[in-house]
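Student: I would like a close look at one part of this protein. Please take me through its salt bridges, slowly enough to follow on the screen.

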Amino acid sequence: MQQTNRVRMFSEVVALDAWHSPVKKTRDSIEVYVDLAFKDGRMGGEDIDFPFTFRVALKRAKLVLKAPEPLSIIRKTIARDIPLVEAERTQIKMVRDEIISSKEGELALNAHNFAARLSASKSKNSASSKADVLKVVQTIPLIMVAGEPQGSNAHTWSFQPTYSSFLSGSPWDPIANPRFSGRYDYKNYMKNEPVINASITCALEDLIVSDIEMKNKNLSNSIKNLTGYEKRMAAARQHIKQLLHRINLEPGRMDNRFASLLIASAIAVEEMD
């Protein structure tokens, strides 16, 4: 039931899918793909355990992708997700008040003869300088991604929004950017077929609960007339966070706001040619 509740609630916040390329005798590795998208979701409408309807979004989150033995991650294939930078170089001739000039050691020129000196810059007695100006153009992604190795059989990617208050959209193109390749020995693989697992987690404090409305509209209107309405709504947000926390975490971890909260999980299935 807990697994069903989690899928039902957090499917409104994150969509997760994972698969890998076919395992073949003629190959020694597979590519692992993850399709992932975030959004803010409306919750509580059909759940009798919640007296409110509300929106939930994620401030930060983390993807953990595990490829157990007999697979081994090929490190050089791990997706780094570094935004591409485009550069434009503009060459500018700069006019200086001083130029290197003449065998006699003449260093300075006045305004009257400067143009003549500059036009003769190809001669042995004069030179002009030029500088390169580099203009960097970078497309800022909706989501910043940072990778972190987790031993030889797992890798983690952390997500945070760049200019929004919550995660929204997809952090990468799932087809163009597989997460990594895993090497295998075919006989060992077929004897001990590994389960490649992808999971999305966040800390309790990274749940953004907003737009809270009580299902009982009459009660909602009466509460608004009471003193300390904002404090009551803040308490309601914290209560909702705790309810979400209980569904997804083992008992005994409720006092840790940094504890890992499971948002979604998926097993990578083999995608046939």
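Tutor: What follows is a walk through the salt bridges, with a little background before and after.

Keep in mind that this is a predicted model. The protein has 5 helices and 15 strands. Of its 273 residues, 36% count as buried. Take contacts with a separation of 6 or more: residues 24 or more positions apart account for 75% of them.

Now the charges. Side chains of opposite charge can pair when their charged atoms come close. A search of the whole structure finds 6 salt bridges. Let us visit some of them.

Start at R60. This residue sits in the loop between strand 4 and strand 5 (61-66). R60 is partly exposed, because its relative accessibility is 33% and that class runs between 20% and 50%. One partner of R60 is E205. Their closest N and O atoms are 3.8 Å apart. E205 lies in the loop between strand 12 (197-203) and strand 13, so this pair links distant parts of the chain, 145 residues apart. E205 is partly exposed too, at 26% relative accessibility.

R60 also meets D206 in a salt bridge. Here the N to O distance is 2.8 Å. D206 is in the loop between strand 12 and strand 13, 146 residues from R60. D206 counts as buried because its relative accessible area is 6%, and the cut-off for buried is under 20%.

Next, find D40. D40 forms a salt bridge with R55, with the closest N and O atoms 3.6 Å apart. D40 lies in the loop between strand 2 (29-38) and strand 3 (41-43), and R55 is in strand 4 (residues 52-58), so the pair ties together parts that are 15 residues apart in sequence. Both partners are partly exposed: D40 has 33% relative accessibility, and R55 has 30%.

D40 and R55 belong to a network as well. Salt bridges that share partners join D40, R42, R55 and D211.

Now turn to some charges on the surface. D17, D35, D173 and E271 form a negative surface patch. E271 is in the segment after strand 15 (269-270). E271 is partly exposed, with a relative accessible area of 43%.

Finish with W172. This residue lies in the loop between strand 10 (154-161) and strand 11 (180-183). W172 is buried, with a relative accessible area of 7%. Beyond its neighbours within four places in sequence, W172 touches several residues, including V34, L63 and W157.

Notes
Residues numbered from 1 in each chain as written. Predicted model: local features only at pLDDT ≥ 70, side-chain atom pairs only at ≥ 80, totals over all residues. Heavy atoms only, no water. Patch = residues over 30% accessible without salt bridge, like charges linked within 9 Å, V, L, I, M, F, W, Y side chains within 5 Å. Areas by Shrake-Rupley, 256 points an atom, 1.4 Å probe, with all protein chains shown as cover. Salt bridge = Lys/Arg side-chain N within 4 Å of Asp/Glu carboxyl O. Lys, Arg positive; Asp, Glu negative; His and termini not counted. Charge placed at Lys NZ, Arg CZ, Asp CG, Glu CD. Helix = DSSP H or I, 4+ residues; strand = E, 2+ residues; numbered from the N terminus. Buried < 20%, exposed > 50% of the residue type's maximum accessible area, 1.4 Å probe, protein only. Contact = heavy atoms within 4.5 Å.
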